[in-house]
Amino acid sequence: MIDATVPALALGALLSLVQIGSIAIAARRLGTVHGPSRFPAGAPVSLVRPLRGLEAYSEEMLTRSFRLDYPAYEVIFCVADPGDPIVPLVERLIAAHPRVPARLILGDERVSANPKLNNCLRGWRAAAHDWVVLADSNVAMPPDYLQRLQAAWREETGLVCSTPVGARPGSFMAEVECAFLNTLQARWQYAAEAFGLGFAQGKSMLWHKPFLESQGGLQALAAEIAEDAAATKLVRAAGKRVHLVASPFEQPLGTRGFREVWARQLRWARLRRVTFPLFFIPEIGSGVLLPALVVTFCAGSLAGLVGAASLAALCYAAEVGLALRAGWHRSPRMLAAFLVRDALIPAIWLGAWVQSAIVWRGNAMDVRPRRAAVDRYAPTA
C-alpha cells in the first residue's frame, strides 16, 4: 500500500499542477490588453441582437443596448416570430431612445438547423457598417462594451469574442452554473487563448463584415451546428486568430433548477464533442473531484485519501483566488457548488457520447456535422 501511495500522489500532484497552472495562466491573461489595438478609432458599428421570448432580465439587458458610450452605432433587433412576446418590449424601448438609430427586423431565413443563425441573417444583411457585433439577448453590456471588444483587435485577428461569466445567481443550482461558466470554462478558454488556441464564443462576436463576406458570409457559419465552432474553424482556415476581450462580460442567471442547468451543460458538451472531438476527450478530467477520486483509489490508503483531499483543497482555493482576481461572483456556497459541478462533469461527459440530439429553446436539433447538408437549408425560390 505504501508503495502505491507514492506514485498515486505523484499523479495527483501532476493533475493538480495542470489545474493550478491553467488558473495561473488565466489569471495573468485576464484584465490584460496585449499591445495596441488595430481597430480604426471611432469606426461606426452595427450591433445585431437576436431575440426570442421574454427572460428574467430582458428589459435591463436590452435597455443597455441604448446606453453604450460610443459615438456612432446602430442597434438591430432580430425576432423570428412576429407574435413573440418580446416584440412589444423592443418597440417600446426603440421609441423611448430616439437618439440611438435602432430598428426591429421580423422573420428569419432558414439557411441552417441553427435557429439563432437563421434569426441573425437578415440583421447581418441590413447592417449599415463594416464592423458588426452579434450579441445574445442576455449579455450585460457595460457602457464601454464596444471599446472593450475593439481593444482586442490585432493585425492577425479574424474575430473578437467574449465568453459568458455567470452573475446574480438566484438559487444554488445557479451557483453551480456560475462554477461551470466562470472558474472552469472561462478559465480554460483564456488559458487556451494564451497559447494561440483561441476559441470563438457566440455570446459576443465582433466581426469585420468584409472579411466574413469574403469567406462566404454569415451563412458560412452553417457549416457546423454551433455558429461559434464554425466561426473558429473559418477564422483559423483563413490564417487568422480568435481573440478574447481582456475581461469577459457578465450574464445574469437568476433562479435556475437542476434540470435547466443539466440540460444546458449537456447541450454544450454534445456540441463540443461533435465540433472539436480531440479537445473534448480530456474534458472528463477538467474538474478536480474525479482526479482526486482516482488518486484515492490508486493509493488505497489513508495517506492517499488525505493527500488527494489536500490537493483538491489547493485547487479549489486557487479557483476562489481566480474569482477574486477577476472580480467574478463569490459566495459562501462556492465550495459546495464546485463539488456538485465536478460530480456532474463525468456524467455530462458520458452523456455527450450517448446521442447526437439536443433541444434548444424548443427546437430539436441533430448536432452531427452538416457540412454536406448546408444546401438543404437554403431558401427555395
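**Figure 1. The open sheet and its edge strands.** The sheet has 7 strands in the order 3-2-1-4-7-5-8, with mixed pairing; strands are DSSP runs of E with at least two residues, helices are runs of H or I with at least four residues, and both are numbered from the N terminus. Two strands are taken as paired if DSSP finds at least two bridges between them. Strand 3 (102-106) and strand 8 (241-244) occupy the edges with a single partner strand each, so one side of each is left without a neighbour in the sheet. From one strand to the next, the twist averages 25 degrees; axes are lines fitted to C-alpha atoms, for helices over the stretch in contact, and angles between N-to-C directions run from 0 to 180 degrees. This is a predicted model, in which local features need pLDDT of at least 70 and side-chain atom pairs count only at pLDDT 80 or more, while totals for chains, interfaces and linings use all residues. Residues are numbered from 1 along each chain as its sequence is written, and side-chain values use heavy atoms, with hydrogens and water left out.

**Figure 2. Strand 2 with strand 3, and helix 8 on the sheet.** Strand 2 (residues 73-79) pairs with strand 3 in the parallel sense over 5 bridges. Within this pair, Ile76 stands opposite Arg103 in strand 3. Helix 8 (residues 227-237) packs on the sheet and touches strand 5 (157-162), strand 7 (204-208) and strand 8, where contact means heavy atoms within 4.5 Å. The direction of helix 8 makes about 35 degrees with that of strand 7.

**Figure 3. The surroundings of Thr183 in helix 6.** Thr183 is part of helix 6 (residues 172-194). With 2% relative accessibility, Thr183 counts as buried; buried means under 20% relative accessible area, exposed over 50%, and partly exposed in between (1.4 Å probe, protein chains only). Its side chain makes a polar contact with the side chain of Glu319 (2.5 Å). A polar contact is a pair of N or O atoms within 3.5 Å; within protein, one must be able to donate a hydrogen and the other to accept it, and residues adjacent in sequence count only if both atoms are side-chain atoms. Leaving aside residues up to four places away in sequence, Thr183 touches Cys178, Glu319, Leu322, Ala323, Trp328, Phe338 and Arg341.

**Figure 4. Helix 12 and the residue that follows.** The 25 residues of helix 12 (residues 302-326) should span 36 Å at 1.5 Å a residue, and its end C-alpha atoms are 36 Å apart, which agrees; the expected span is 1.5 Å times one less than the number of residues. Among the buried residues of helix 12 are Glu319, Leu322 and Ala323. Just after helix 12, Gly327 takes a positive phi of about 75 degrees.

**Figure 5. Helix 9.** Helix 9 (residues 258-275) has 18 residues and reaches 26 Å from its first C-alpha to its last, close to the 26 Å expected at 1.5 Å a residue. Its buried residues include Val261, Arg264, Leu266 and Arg270.

**Figure 6. Arg168 in strand 6.** Most residues other than glycine have a negative phi. Arg168, which lies in strand 6 (residues 165-169), has a positive phi of about 55 degrees although it is not a glycine. At 34% relative accessibility, Arg168 counts as partly exposed.

**Figure 7. Val294 in helix 11.** Val294 is located in helix 11 (residues 289-299) and counts as partly exposed at 35% relative accessibility. The C-alpha atoms of Val294 and Leu278, 16 residues apart along the chain, are separated by 22 Å.
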